[in-house]
Amino acid sequence: MSQTAPLIVRLLASSVSVANRAGKIVRDIMSKGELGIVEKGKDDYQTEADRSAQRCIIASLSAQYPKVRIIGEEDGNEIQSSHEFLETDADKEILSLECPASLKGIKEEDIVVWVDPLDGTAEYTQGFLEHVTVLIGISVNEKPIGGVIHQPYFKNENKMGRTIWGLKDVGVGGFTPGNPPESLIITTTRSHSNPIVENALQVMKAAQVLRVGGAGYKVLQLLEGKASIYVFASPGCKKWDTCAPEAVLNAAGGKLTDVLGNFYKYGASESRPNKTGVLAAVNDELHNYAVQRIPQELKDKLSA
Ligand SMILES: Nc1ncnc2c1ncn2[C@@H]1O[C@H](COP(=O)(O)O)[C@@H](O)[C@H]1OP(=O)(O)O
Ligand SMILES: [Mg+2]
Ligand SMILES: [Mg+2]
Ligand SMILES: [Mg+2]
């Protein structure tokens, strides 16, 4: 690995390689067919793929960046016994990026990485495999500045999977960005809905509502021009769900906030739940439209 590239570029390059490896683990466990499902809470599951992918990501990144604070979704991931999963490659394309001056002085101690080893677990267990992503989000001073969204089941011509990345003041890569659709298309949850979530959808006056799994996949739909706005007026998403998607969306000129229009903070001591929901769009105009549409009563209910 090039030791000459600035830390943030190396960390993003490592995250791309580690996410690819985690994606292979996710596919291998599905092929073997022994998912080892554990119920963590209501509508909240964990599988062997969530556990193994997280072990791979945390072991690999903490071995190379020992002073970076890394927070993963799953509990009980002892990293000692994970040498089988160590991935120390770093993506060459990312390593060759020109690091903007704004990101050059960042030290390991300044960084908090939020890891969702498998976003869309419900969909993974139900066979909606294209909704599944691996998310690695890099934050500095509480703000998401870089991120990786890996899709293990994206079908290319000759290989499985693709990795989308974004870096502040640099841009995005790994996919072809699309313009927002002509008519208003909303993307939202398919497995965690409730009456308040539905109310927030109705007020948008959308031409179409797409119901898909995962925060990563929904933000990808925005980036590819398949949807205009991502609305989820409910707690349930956590910091590891939104850090990487928000970083990539920001790098593409978009915006992700809660349904009141406030940014989440990604410091290590922040509470994990995104209590006041998620509202995201590829540009400020669509984002403003959505914030204004949400009734005050609903905003009050969520922030109570
Ligand atoms: N009620 C909930 N309980 C647990 N996780 C949730 C809940 N709501 C959302 N999430 C997390 O946020 C992601 C996006 O939500 P949704 O697909 O419902 O829009 C889910 O895939 C899940 O992440 P994960 O699959 O990593 O546990
Ligand atoms: Mg989960
Ligand atoms: Mg998730
Ligand atoms: Mg997860």
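Here a colleague asks a modeller about two domains, three strands and one ligand.

This is a predicted model: local features need pLDDT of at least 70, side-chain atom pairs count only at pLDDT 80 or more, and totals for chains, interfaces and linings use all residues. Residues are numbered from 1 along each chain as its sequence is written, while chains are lettered from A and ligands numbered from 1 in the order in which they are written.

Colleague: How far apart do the C-alpha centres of domain 1 and domain 2 lie?

Modeller: Start with the bounds, which come from an automatic or database domain assignment. Domain 1 covers 7–173 and domain 2 covers 185–303. Their C-alpha centres are separated by 21 Å.

Colleague: How many residues does the contact take from domain 1 and from domain 2?

Modeller: Two residues are in contact if their C-beta atoms, placed from the backbone, lie within 7 Å. Domain 2 gives 26 residues, and domain 1 gives 38.

Colleague: Which element supplies the largest share of the side of domain 1 that touches domain 2?

Modeller: Elements here are DSSP runs, numbered from the N terminus: helices (H or I) need at least four residues, strands (E) at least two. Several supply at least two residues each, including strand E4 (111–119), helix H4 (121–126) and strand E6 (143–155). The largest share is seven residues, and it comes from E6.

Colleague: What does E6 pair with, and in which sense?

Modeller: Strands pair if DSSP finds at least two bridges between them. E6 forms a hairpin with E7, with four residues between them. Gly 147 stands opposite Gly 166 of E7. Seven bridges join E6 to E7, and the sense is antiparallel.

Colleague: Which residue in the turn between E7 and E8 has a positive phi?

Modeller: E7 and E8 run antiparallel, joined by three bridges. Gly 166 has Val 172 as its bridge partner in E8. Three residues lie between the two strands of this hairpin, and the one with a positive phi, about 65°, is Asp 169.

Colleague: How many nonpolar, polar and charged residues does the shell around ligand 1 have?

Modeller: A residue is near a molecule if its C-beta atom, placed from the backbone, lies within 6 Å of it. Ala, Val, Leu, Ile, Met, Phe, Trp, Tyr, Cys and Pro count as nonpolar; Asp, Glu, Lys and Arg as charged; the others, Gly among them, as polar. Of the 18 residues around ligand 1, Asp 44 and His 192 are among those that come nearest. The split is four nonpolar, eight polar and six charged.

Colleague: Why does ligand 1 lie where it does relative to the domains?

Modeller: Look at who gives residues to its shell. Both domain 1 and domain 2 do, so ligand 1 lies between them.
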